[in-house]
Amino acid sequence: MDNEIHICLAPDNAYAMHAGVTVASIIANAAPDDYLHFYILDGGLTRENKEKLMRVMANAVRRGRAAMMEFVPVHISDKMPTAWPIAASYRLKIPDLIKVDKCLYLDSDVVVLRSLKVLWETPLNGKTIGLVADCSDALLKQKWGLDFYGNSGVLLMDLKRYRRLNGWQKSLDFCQQNWEKITLPDQDILNNIFAGDIEPLDRRWNAHEGAESRTKFKGNKAYLQSLDNPFIVHYIGSLKPWISSAPRFDKTHFYFRYLLQTPWKGQVIWCFWKRYVWDVFHGKKETYVLLFHVKIAKVKKGRLFILGIPIKRLA
Ligand SMILES: [Mn+2]
């Protein structure tokens, strides 16, 4: 079908719930005529996780959106150094696994806030892949001697061209020659093997939200601007929204908003409880603020309600 958007995700079992959030956010913001075709690269997902992901997708159909989901079994050859989370390398293999001409890969730590149509139709101008510049691109460009360094969490791929250029073999070769220097496996590989062959995408399609990035890269204006009106929020770094010690940012609540639209929604209570305990120990009140943002908490006639349950009378 002409309006079909091919979207690939590669969560392992630890990230299945977060992938569910990504899928829920795509569906919630899809345009009426988007036809969403999800490919979940499956390197051993449990039956329960797969069923839950299918149920998120089934919501699209209930909302009158055209969507389908398939699980694509994947086995990565042993040649990739094994110390890396293996699911991270799956994206390098997409052209061999999915038999279409073009594909959009998304990390499972992103939420999508608008229809993917415009991103999908962004011309690659003859390039093999499209990426948004990474917030720490200055350092990484210098390290690798590159003119452009992109973040691989949102990746638009011309699969035909990738196959023709033998991208997978190039990845393996690069890996073998540079494994001591590689710190960001798939990202370092893609940026290097496709140097000069990457189309820079509008930064709003991969606006990085992370614990340190806002302060650490405060000199990077273009990056900070992307956070004013993001199309896709990417929770970079180790302090993800579901980690109880992660500080709350303006974009944290999106994660929980869409988590509530998945079969994992019961986890919201658990996440908030852990956060609340952390807050108490550290004298913070961030969980309350977040509860209001996610609209779990409300004040009505001088009373605080959480999930519709009256908690206390406010002065
Ligand atoms: Mn990521």
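A residue is taken as exposed if 12 or fewer other C-beta atoms lie within 10 Å of its own, and as buried if 20 or more do. The model described here is predicted.

By this criterion, Q169, Q176 and Q177 of helix α7 are exposed. On the other side of the helix, G167, S171 and C175 are buried. Seen down the axis of α7, the buried residues fall within an arc of 75°, so they line one face of the helix. Their cover includes α3 (86–97), α6 (159–164) and α8 (185–193). The length of α7 was also checked. Helix α7 comprises 12 residues, 167–178. At 1.5 Å a residue, these should span 16 Å. The end C-alpha atoms are 16 Å apart, which agrees with that expectation.

The largest nonpolar core contains 75 residues. Those with the most contacts inside this core are I7, C8, V23, L36, F38, L104 and M157. Helix α1 (residues 16–28) gives the most to the core, contributing 7 residues. Contacts of L104 were examined without its neighbours within four places in sequence. On that basis, L104 touches I5, H6, I7 and C8, among others. Its further contacts are L116, L119, W120 and L156.

Helix α1 also packs with helix α11 (residues 252–259). The angle is about 85°, and the axes are 8 Å apart. Angles of 65 to 115 degrees count as roughly perpendicular. Helices α1 and α11 are therefore roughly perpendicular to each other. From α1, the contact is made by V21, A24, S25 and A28. From α11, Y255, Y258 and L259 take part.

Definitions and conventions. Residues are numbered from 1 along each chain as its sequence is written. This is a predicted model: local features need pLDDT of at least 70, side-chain atom pairs count only at pLDDT 80 or more; totals for chains, interfaces and linings use all residues. A nonpolar core is a set of buried Ala, Val, Leu, Ile, Met, Phe, Trp, Tyr and Cys residues joined through C-beta atoms within 7 Å. Helices (H or I, at least four residues) and strands (E, at least two) are DSSP runs, numbered from the N terminus. Two residues are in contact if their C-beta atoms, placed from the backbone, lie within 7 Å. The expected span of a helix is 1.5 Å times one less than its number of residues. The arc is that of the directions from the helix axis to the C-beta atoms. Axes are lines fitted to C-alpha atoms, for helices over the stretch in contact, and angles run from 0 to 180 degrees between N-to-C directions. Angles under 35 degrees count as roughly parallel, over 145 as roughly antiparallel, 65 to 115 as roughly perpendicular and the rest as oblique.
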